[in-house]
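Thank you for asking for a second look at this model. My comments are set out below as numbered points, to be read beside the structure.

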Amino acid sequence: MTDPAPPTGLRLDATSLRVLAHPLRSRLLSRLRVDGPATATELAGVLSTNTGATSYHLRKLESVGLVTDTGEGEGKRRLWRASTDFHSFDPSDYRDDDEAAAAVGWLQRDYVRQMASRAEGWFDAADRWPDAWVDAAGYGDTHLTVTAAQLRQVSAELFAVLERWRTAGAGDPAARRVLVSLVAQPADVTDPPPAEVDR
């Protein structure tokens, strides 16, 4: 058995941040990443919008490299897929760009809204799932005392663990895709350290 290909990522610049910071575009990209390739018509049905708007916003996402036409559609029915497995950005890079900073703020809040919506969807559906899944899935938290640099390392190590398990159940009919979200933030947001401290 060959090792799975590593996940692909895209670092967002100010332009792509501004393009992605839109309610429908953000949901389109999330849906393509979670469910795989789809046509504008299929996406419009799932997201309760119209095909014209969906096609327009898919082209906007395509213009900054976030989605791709697979070339496998039939006729005018283009089949779209997410260009990468994830995207990233450092919010502090855009503190001097008001439009990009506003896009960062909107995106971060949108990700939290999407995460909460998925969590509630799971809670609504959990009664129909086997006990093993109900007990294995869930939410928890803990507290760390770390520097900013140490927190980056913690995140990197956690993502390395997740990467080792990314396709562990491939081919097993009992396996299902699982969404794992990582949220890390200071417990006391009213007490920031001096700006020059980043160790």
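The points that follow take up two strand residues, then the aromatic rings, and they concern a predicted model.

1. I would begin with Val 67, which belongs to strand S3, a strand covering residues 67–69. Val 67 has a relative accessible area of 1% and is therefore buried, since that value falls under the 20% limit.

2. The surroundings of Val 67 can be listed from its contacts, once neighbours within four places in sequence are set aside: Leu 29, Leu 32, Leu 58, Leu 61, Glu 62, Trp 80, Arg 81, Ala 82 and Ser 83. As for distance along the backbone, Val 67 and Thr 84 are 17 residues apart along the chain, and their C-alpha atoms are separated by 7.8 Å.

3. The second strand residue is His 87, which is found in strand S5, made up of residues 86–88. Is His 87 buried or exposed? Its relative accessibility is 17%, and because buried means under 20%, His 87 counts as buried.

4. The side chain of His 87 takes part in polar contacts with two partners that deserve to be read together: one joins the side chain of His 87 to that of Arg 33 at 2.8 Å, and another joins the side chain of His 87 to that of Tyr 111 at 2.7 Å. Both Arg 33 and Tyr 111 also appear among the residues that His 87 touches beyond four places in sequence, a list that further includes Leu 10, Leu 12, Leu 20, Leu 29 and Leu 66.

5. Turning to the aromatic rings, the structure holds 3 aromatic pairs. In one of them, Trp 122 and Trp 129 meet edge-to-face, with 5.5 Å from centre to centre and 75° between the planes. Trp 122 is buried at a relative accessible area of 18%, whereas Trp 129 is partly exposed at 31%.

6. Trp 129 also pairs with Trp 133, their ring centres being 5.5 Å apart; the planes stand at 70°, so this pair is edge-to-face. Trp 133 is partly exposed, with a relative accessible area of 27%. Taken together, ring pairs link Trp 122, Trp 129 and Trp 133 into a cluster.

7. A last point concerns a charge placed over a ring, for which the residues to inspect are Arg 113 and Trp 106. Arg 113 lies over the face of Trp 106, and the distance to the ring centre is 5.6 Å.

Definitions and conventions: Residues numbered from 1 in each chain as written. Predicted model: local features only at pLDDT ≥ 70, side-chain atom pairs only at ≥ 80, totals over all residues. Heavy atoms only, no water. Helix = DSSP H or I, 4+ residues; strand = E, 2+ residues; numbered from the N terminus. Buried < 20%, exposed > 50% of the residue type's maximum accessible area, 1.4 Å probe, protein only. Contact = heavy atoms within 4.5 Å. Polar contact = N/O pair within 3.5 Å; in protein donor to acceptor, adjacent residues only side chain to side chain. Phe/Tyr/Trp six-rings, centres within 6.5 Å; stacked < 30°, edge-to-face > 60°. Lys NZ or Arg CZ within 6 Å of the ring centre and 35° of its normal.
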